[in-house]
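The points below are meant for someone opening this entry for the first time. They can be read in order with the structure on screen.

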Number of protein chains: 2
Amino acid sequence: MNNIIDLFDSTLRDGSQGEGISFSVEDKVKIVLALDTLGVKYIEAGNPGSNPKDLEFFQRTRDLKLKHAKLVSFGSTRRKNIAASEDANLASLIASKTEITSIFGKSWDFHVTDIIKTSLGENLQMIEDSVRFVCDSGSEVFYDAEHFFDGYLANPSYAMETLKAALRGGATTLVLCDTRGGTLSETVGSITREVGELLPNIPLGIHTHDDIGCAVASSIAAVQAGAVQVQGTLLGFGERCGNACLFSVAGILSAKMGYDCLNGQSLEQLTGISRKVAEISNVRIPHTAPFIGVSAFAHKGGMHIDGVGKSPSSFEHIDPTSVGNERRLLMSEVAGRALMLKRIHKVAPELDKDNPLTISLMEELKKLEAEGYQFEGAESSFDLVIRRHLKLYRPFFTLVHYQTIGSSPYLDPLSDASHAAVVKVKVKGESAITAAEGEGPVNALDQALRKVLEQFYPTLKSVHLTDYKVRVLDTAGATASKVRVLIDSTDGESTWSTIGVSKDIIEASWLALSDSIEYKLIADGIVPSDDSN
Amino acid sequence: MNNIIDLFDSTLRDGSQGEGISFSVEDKVKIVLALDTLGVKYIEAGNPGSNPKDLEFFQRTRDLKLKHAKLVSFGSTRRKNIAASEDANLASLIASKTEITSIFGKSWDFHVTDIIKTSLGENLQMIEDSVRFVCDSGSEVFYDAEHFFDGYLANPSYAMETLKAALRGGATTLVLCDTRGGTLSETVGSITREVGELLPNIPLGIHTHDDIGCAVASSIAAVQAGAVQVQGTLLGFGERCGNACLFSVAGILSAKMGYDCLNGQSLEQLTGISRKVAEISNVRIPHTAPFIGVSAFAHKGGMHIDGVGKSPSSFEHIDPTSVGNERRLLMSEVAGRALMLKRIHKVAPELDKDNPLTISLMEELKKLEAEGYQFEGAESSFDLVIRRHLKLYRPFFTLVHYQTIGSSPYLDPLSDASHAAVVKVKVKGESAITAAEGEGPVNALDQALRKVLEQFYPTLKSVHLTDYKVRVLDTAGATASKVRVLIDSTDGESTWSTIGVSKDIIEASWLALSDSIEYKLIADGIVPSDDSN
């Protein structure tokens with residue numbers, strides 16, 4: 001058995017047809033490089049016939065030194081009733097000068113007669129002519145059989161004729177597409193197998209959409225039926241419900257089925273690259289995303305946490321590190337006390353589970369959770385809750401007051417800022433007040449707070465925020481709703497996450513900002529003086 | 001062929017083991033009622049042995065009048081080496097007095113020997129005893145064969161013995177669980193078929209997890225192999241990557257396979273109920289969610305929009321209204337000009353696609369999109385962009401200045417507010433200034449803006465906001481990053497959505513708020529006077 005499956009990524013083409021997805025040229029270059037690092041073999045990077053910017057992109061990226069990947073341009077068969085050489089789309093494809101070209105055509109008789117409105121014979125000729133024309137230009141052609149499964153179910157002999165037309169034209173790979181995404185996985189598998197039997201020794205690809213939530217499973221079913229190329233997009237971006245998520249496909253093919261689908265590159269890059277791509281694309285990876293999500297190996301039920309403690313494989317189908325992810329044990333009501341106790345022991349090793357302090361700490365946690373706190377992503381704030389509750393905590397500073405002033409037009413017309421913030425704190429018996437400006441009230445407050453504290457705690461100079469997230473809770477109250485602010489901070493070496501919840505976004509941000517600073521000072525082993533209060 | 005498949009929902013049990021998911025008692029009651037309305041047959045509502053609050057919940061909900069659904073309590077087999085009658089978990093199950101009880105036990109020899117650390121024989125006895133004990137109390141028992149697929153692959157004869165032990169005890173349905181979620185769908189199907197052949201005429205259920213993104217497909221594969229009950233959770237909540245999403249399962253079984261899985265209730269409720277459940281659970285439905293997501297029937301590629309215009313089935317696998325969802329045609333670069341022209345024609349019917357104004361409007365749209373605007377969810381703001389660009393727009397008011405003042409402690413210690421806002425506007429040559437307070441700066445600004453304008457435009461009295469969303473763009477800049485604010489407004493009859501983008505959350509909110517007001521005034525046919533500027 002040949003143990004290689006080729007991955008074909010269409011993030012920059014089909015993926016950009018997803019709602020809310022749009023890429024700048026710089027984004028596109030970054031994504032090409034990320035895909036190449038991952039070990040993906042083919043990158044479909046644009047549709048130069050429908051988007052002139054894509055042609056530009058191909059011209060610009062021709063000299064990119066890629067280690068594994070080959071760029072592919074994508075376009076339609078020629079228009080009806082003209083010669084291939086007169087077709088502007090095909091001319092753009094040739095002008096993009098990619099080593100490989102994807103040409104898509106119609107497999108479903110209904111699309112031929114009712115959508116492009118031509119004869120079944122002319123459609124076959126369009127396919128054959130277009131593939132031949134592009135092959136003659138020196139590019140290898142993969143033929144995308146659009147709506148293949150719907151077409152095969154409606155009129156199998158015509159659907160097969162379209163594939164044969166592409167082969168006559170010179171296509172080297174036939175890609176069977178579930179364009180509407182509604183075909184059951186078993187059907188995708190059985191039709192792929194039939195095509196393989198009817199056209200032996202022709203490499204088949206599979207291209208699925210997720211309209212019934214089965215795009216990945218259908219891709220795997222096609223591989224089990226003989227397909228050797230899987231098309232998909234990073235994070236499953238794409239038209240409607242999206243395409244097959246290539247991260248999931250790669251995880252299954254490599255970790256569960258033993259295929260090499262990454263040109264020998266390590267699957268351990270999977271999680272890291274997915275997060276990079278999410279950043280470039282400005283989307284959030286669902287925390288439940290298979291293999292790569294932050295919850296993918298997060299255990300919450302008490303029995304699960306217990307089982308994983310005894311043997312990770314009891315509740316994990318693979319080792320999380322094999323895909324670059326990590327195991328997490330979550331604190332919550334469901335998890336029971338064992339895990340919380342572990343966390344408490346990091347701060348106060350002497351407390352046992354029946355200690356009244358432990359019990360009241362559990363109560364406080366529940367109360368905070370009910371208010372909208374969620375410590376699963378803000379473990380540094382959780383440590384501070386423990387310290388405060390156990391009175392192990394002496395604050396490093398006390399807020400006397402803060403004030404934020406926003407105005408439009410801004411007081412200083414030459415400044416980029418729109419807000420000023422004044423912060424007065426008391427540290428070691430001394431008062432200090434300062435002001436700072438920023439783009440927005442939170443930015444101004446963040447600047448002012450660190451400015452006023454740096455004189456007392458110079459170690460804070462290295463701290464800066466790397467992420468700021470706002471989640472509006474119970475949106476029914478609209479602008480008076482509660483908001484949850486999550487902040488990630490770094491000092492260049494370690495990173496930590498803190499949280500604040502309030503109806504006032506400024507106060508919620510303040511809580512998360514001041515927790516961040518307290519956490520850093522504790523981590524650095526700095527001891528506040530007794531009179532800081 | 002029997003065309004009924006029973007749905008078994010575990011949102012309140014397995015679902016609550018998902019990261020970030022927690023339900024209050026009120027939430028739980030609402031979800032039970034939503035499931036009953038949907039037509040789900042079984043609702044697993046808690047684990048009374050591990051969580052005393054769940055027992056309380058069963059006692060409290062015993063008198064709920066449900067039309068279709070039966071409540072199910074869930075718990076483990078007895079502990080090793082004690083009598084079933086001495087087991088506290090089983091006692092809680094019986095005390096919850098549900099008509100049906102789910103009892104789970106170990107199918108995988110490795111879990112018996114290495115996790116619960118007992119003999120293979122004692123495990124069989126634990127299963128048989130526990131099922132019999134609960135059956136004897138008068139409850140019907142469904143037996144959940146935990147880790148069945150992993151167990152069957154490791155030691156098929158032992159896995160089958162565990163099922164037979166449950167049958168000896170009196171279980172009426174055997175539920176095969178892919179607890180780690182790592183089994184390929186084809187394997188789930190083939191093992192389910194083998195079990196059905198080994199134990200003919202025993203109803204089988206399927207319970208899958210989504211760790212390789214195939215939970216729904218595996219559930220369907222099991223049904224194709226003979227399973228008659230599908231377990232899952234609403235929106236796929238659950239441990240790690242979650243469980244099979246029951247909305248997707250119901251959509252496929254009903255709309256694609258012709259089963260009745262909703263007790264005769266209409267599938268048209270699917271989208272509405274999913275959004276209600278998301279609200280109760282305080283989660284966002286991924287816009288790409290199959291069947292129910294806002295993008296599930298959203299078309300972006302120009303060719304797709306064209307095809308759907310000719311015949312919706314060209315790019316839609318089902319009619320969106322059959323699941324209570326709707327078709328959307330998205331405006332974007334990819335969509336080409338046809339759709340934008342449609343939108344423009346609503347405002348200016350005389351403009352054609354080659355008009356310089358149309359072309360420059362396209363340019364402006366691209367510029368705004370590059371700045372972070374996304375009109376796909378804010379079509380009212382898009383209409384205003386068109387009107388402004390075509391000079392068809394005369395503003396209803398001009399901002400002279402606004403100022404927001406936030407302070408902690410707040411100036412008025414008796415107020416719930418934390419911010420004050422001052423807004424000065426010019427309307428019809430007249431200036432007006434007012435102030436208002438709010439919980440947070442945006443709330444204060446919203447109050448002040450509507451207060452100052454209501455004297456000129458009394459129709460605004462009926463307007464209020466129903467949703468406020470904040471998205472931090474390019475988070476690398478942390479608190480100085482761009483934010484996108486989306487606002488939904490209503491006047492009690494219609495609703496509209498507007499957008500603002502800025503580095504300053506207050507300014508972004510201001511832009512969305514003032515667009516909302518402008519849009520309402522235009523919709524009401526109010527004509528601003530010439531000198532409003």
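1. A helix pair in chain B. This is a predicted model. In it, helix α8(B) and helix α9(B) cross in a right-handed sense. The first of these helices spans residues 185-198 and the second residues 215-224; they pack at an angle of about 25°, and their axes are 8 Å apart. Angles under 35 degrees count as roughly parallel, and α8(B) and α9(B) are therefore described as roughly parallel to each other.

2. Residues between the two helices. From α8(B), the residues that take part are Ser185(B), Glu186(B), Val188(B), Gly189(B) and Thr192(B). They meet Ala217(B), Ser218(B), Ala221(B), Ala222(B) and Gln224(B) of α9(B). Sorted by class, this contact holds four nonpolar, five polar and one charged residues.

3. Helix α9 in chain A. Is this helix mostly covered or mostly open? Helix α9(A), residues 215-224, is mostly covered, with nine of its ten residues buried. Among the buried residues are Val216(A), Ile220(A) and Val223(A), and also Ser218(A) and Ser219(A). After α9(A) comes Gly226(A), which has a positive phi near 120°.

4. Relation of the two chains. A turn of 180° with a shift of 0.1 Å along the axis lays chain B on chain A, with an RMSD of 0.3 Å. The two copies are thus related as by a two-fold rotation axis. Within chain B, Ile405(B) has the C-alpha nearest the axis, at 2.2 Å from it. Both copies use the same surface, since 100% of the contact residues of chain B recur in chain A.

5. The interface. How many residues of chain B are in contact with chain A? There are 101 on the side of chain B, and they are in contact with 101 residues of chain A. Strand β11(B), residues 398-408, supplies the largest share of the chain B side, with eight residues. By class, the chain B side has 35 nonpolar, 43 polar and 23 charged residues.

6. An exposed glycine. Gly492(A) lies in the loop that joins β15 (483-490) to β16 (495-502) in chain A. A residue with 12 or fewer other C-beta atoms within 10 Å counts as exposed; Gly492(A) has 8 and is therefore exposed. Gly492(A) is 82 residues from Tyr410(A) in sequence, and their C-alpha atoms are 33 Å apart in space.

Conventions
Residues numbered from 1 in each chain as written. Chains lettered and ligands numbered in written order. Predicted model: local features only at pLDDT ≥ 70, side-chain atom pairs only at ≥ 80, totals over all residues. Least-squares fit on C-alpha atoms with pLDDT ≥ 70 in both. Contact = placed C-beta atoms within 7 Å. Axes fitted to C-alpha atoms, helices over the stretch in contact; angles between N-to-C directions. Helix = DSSP H or I, 4+ residues; strand = E, 2+ residues; numbered from the N terminus. Parallel < 35°, antiparallel > 145°, perpendicular 65-115°, else oblique. Left-handed = near helix turned anticlockwise from the far one by under 90°. Nonpolar A, V, L, I, M, F, W, Y, C, P; charged D, E, K, R; others polar. Buried ≥ 20, exposed ≤ 12 C-beta atoms within 10 Å, placed from the backbone.
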